[in-house]
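Visitor: I would like to learn how to read salt bridges and a sheet in a model like this one. Could we take the features in turn, beginning with the exposure of a charged residue?

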Amino acid sequence: MSDKSNRIQISKMYKGVYVATTISLIMGTLGVVVDGMIIARCLGSEAMAAYGISIPIMPIIIMIGGVLTSGSQILCGKYMADGDAKGARGVFSLSIALGIIISIIFTLLVMLGSSPLTILLGASGNAQHLFYDARSYIIGMSVSFIFAVISFVVTPYLQFEGDRKRIVIGVVLSVVVNVIADLVNVFAFKGSLFGMGIATAISYVVYMIVLLAHFLKKDSIFKFRPREIHWKETKSLISRGVPMAVNRLSYCLKIVILNHITLAVSGTAALTALSIQNNLYNFFGAIALGTGQTMLLVASVLAGERNRESMRFLLKNSIKVGTIIGGVVAAILFIFAPVFAGIYAHGDAEVISLASVCLRFFALSLVLFVFAMAYINFLLGTGRFKLAIIYIILDIFALPVVSAVIFGNIFGITGVWASFLIGRVLTMVAFFVIGAVINKRLPKNMDDYMMLSADYDVPQERQCEWSVSEESEAIKASSEAYEFLKSKGLPGRTTYITSLCIEEMAKNTLEHGKKEKEELCVYLRVVETQNGVVIRMRDNGEVFNPMTWLKLHGDNDKASNIGIRMTIGMAKDFRYMNTMGMNSIIIHI
């Protein structure tokens with residue numbers, strides 16, 4: 001099959017990014033989960049309820065980082081798909097500059113407006129006695145904003161460059177620091193929610209330092225260079241991040257409204273149970289959020305190749321991986337829900353009972369949550385921003401809140417918990433109904449849901465692709481490319497150069513890119529354009545930049561490295577990029 005290497009590489013890219021992203025999300029939220037556990041066990045259920053009121057402040061921080069992260073991912077992904085390192089570096093510098101500016105402004109706003117903000121979040125009426133503790137935690141957390149935002153912003157760039165271990169190491173260190181700082185706050189300083197917030201801020205400082213150290217490497221593409229900041233792309237970056245802002249705002253509003261509904265329907269014990277669910281959402285929801293972030297990262301890069309088959313395989317693979325892992329995690333949470341609830345509410349039978357039911361409804365919704373995040377972020381990665389925003393509002397806010405209001409009035413607090421599952425089922429219905437409206441017929445297959453334009457693909461008659469794993473296959477691909485372009489009536493020189501470039505670059509890759517215990521796969525694609533021919537080559541071998549190699553070795557012997565020298569010399573444009581552990585070469589003939 002001609003696209004065998006393509007599928008292997010997409011699967012490898014996706015799984016590599018997914019594992020690193022999900023682990024970092026799980027470990028990152030572990031600090032928040034531990035905060036909740038220590039608060040509940042050491043400071044009491046009232047402190048846990050106050051913590052629950054202040055929880056929406058963290059999604060707002062994630063929202064700010066997420067806007068910049070998702071916007072820069074999509075924008076940077078396009079530059080990287082074109083092999084434009086300078087453009088990608090400009091986006092990197094812009095996203096960091098915006099992160100610093102916006103987080104400082106937001107920190108000042110939160111500190112100055114902490115009192116009305118705390119009341120708005122729910123510390124009023126029946127929960128007025130929780131005002132002081134909730135406000136203290138919000139103020140303490142606000143110190144962490146700039147460190148958290150910068151950490152969120154730079155994380156995808158480490159994924160682009162394949163430094164996934166650093167992300168995991170940084171997260172582990174930050175969690176350890178967070179736990180130690182929490183315990184010091186509780187036992188050495190008699191404990192306060194303000195101190196818990198400061199402990200979280202300290203952990204983010206550690207995380208940020210570990211991540212930023214990557215960009216001090218000489219071979220890193222991304223460097224913060226103020227002179228290369230593309231300020232004119234600010235609007236484009238932020239507009240592409242708007243869906244993430246809508247996502248986080250929807251989540252915050254949902255928590256605030258559910259807090260009010262819960263207090264009205266059942267009282268403080270139920271609010272504590274909901275706070276436990278919200279806290280564990282950060283941990284178990286990482287399976288779905290990791291699926292979404294991975295999809296956005298990979299889709300934003302692959303979308304630039306304009307290959308429908310690649311996008312179809314990516315979506316199917318994402319849903320398959322996420323569903324399997326999500327199903328296992330959901331089963332664990334459902335079965336052991338009372339155990340998880342008991343960790344927070346030790347000895348409080350009422351809270352444990354309420355939280356167990358709440359967690360089980362969330363567990364039942366988890367696989368649908370994974371599916372929704374994969375699909376919505378696929379739409380974002382392929383440029384369907386307005387449609388993605390509609391789905392985000394429906395899935396994260398509108399459908400679960402409406403369900404909670406309706407079923408809460410009918411069945412009490414159990415009806416509120418059931419809104420997690422009912423809302424997600426309605427989201428699946430919305431995917432089908434809206435898909436039918438847009439397609440003007442009932443969706444029948446994956447293509448009907450992908451929403452790619454009719455002219456998205458390069459017509460088959462203008463392209464060829466090959467899977468190469470040995471030298472004989474490289475020679476065959478070169479020969480077939482020659483015959484294909486010759487049949488199209490292209491100039492003999494263009495046809496010859498294309499054929500030569502394919503053979504030379506594929507053979508060089510097979511020679512220099514071999515890894516131990518891993519099959520080397522080279523995916524080749526030749527596209528006829530109005531201005532000539534474009535060769536795209538992607539492989540999963542060792543990092544090998546032909547341009548750097550030539551600079552290091554080309555001057556020693558003019559007769560050596562003749563293949564690389566000829567290819568670069570004959571091409572109109574030659575670009576190399578290592579993205580998500582894959583070597584990518586784009587040659588314009």
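Guide: Let us begin with E309, which has a relative accessibility of 23% and therefore counts as partly exposed, because that class lies between the buried limit of under 20% and the exposed limit of over 50%. Please keep in mind throughout that this is a predicted model.

Visitor: With which residue does the side chain of R7 meet in a salt bridge?

Guide: The general idea is to look for a side-chain nitrogen of Lys or Arg within 4 Å of a carboxyl oxygen of Asp or Glu. Here the side chain of R7 meets that of E309, with N to O at 2.6 Å. R7 belongs to helix α1 (residues 4–43) and E309 to helix α13 (residues 308–335), so this pair ties together parts that are 302 residues apart in sequence. R7, at 29% relative accessibility, is likewise counted as partly exposed.

Visitor: Which residues are linked with E309 in a network of salt bridges?

Guide: The network links R7, E309, R312 and D447. Within it, the side chains of R312 and E309 form a salt bridge of 2.4 Å, N to O, and both residues lie in helix α13, three residues apart, which is about one turn of the helix. R312 has a relative accessible area of 18% and is buried.

Visitor: How many salt bridges does the count come to, and are D163 and R166 buried or exposed?

Guide: The count comes to ten salt bridges. One of them joins D163 to R166, whose closest N and O atoms are 3.0 Å apart, and both D163 and R166 are buried.

Visitor: Turning to the sheet, in what order do the strands lie, and which are the edge strands?

Guide: To read a sheet, one follows the pairing from strand to strand, and here five strands form an open sheet in the order β1-β2-β3-β5-β4, with antiparallel pairing. The edge strands are β1 (463–468) and β4 (573–579), each of which pairs on one side only, while the twist averages 15° from one strand to the next.

Visitor: How many bridges join β3 to β5, and which helix lies across these strands?

Guide: Six bridges join β3 (residues 532–539) to β5 (residues 582–588), and the two strands run antiparallel; to locate this pairing on the model, one may note that I535 stands opposite I587 in β5. Helix α20 (residues 492–512) lies across β1, β2 (522–529), β3, β4 and β5, and runs at about 10° to β3.

Terms used. Residues are numbered from 1 along each chain as its sequence is written. This is a predicted model: local features need pLDDT of at least 70, side-chain atom pairs count only at pLDDT 80 or more; totals for chains, interfaces and linings use all residues. Side-chain values use heavy atoms; hydrogens and water are left out. Two strands pair if DSSP finds at least two bridges between them. Helices (H or I, at least four residues) and strands (E, at least two) are DSSP runs, numbered from the N terminus. Axes are lines fitted to C-alpha atoms, for helices over the stretch in contact, and angles run from 0 to 180 degrees between N-to-C directions. Contact means heavy atoms within 4.5 Å. Buried means under 20% relative accessible area, exposed over 50%, partly exposed in between (1.4 Å probe, protein chains only).
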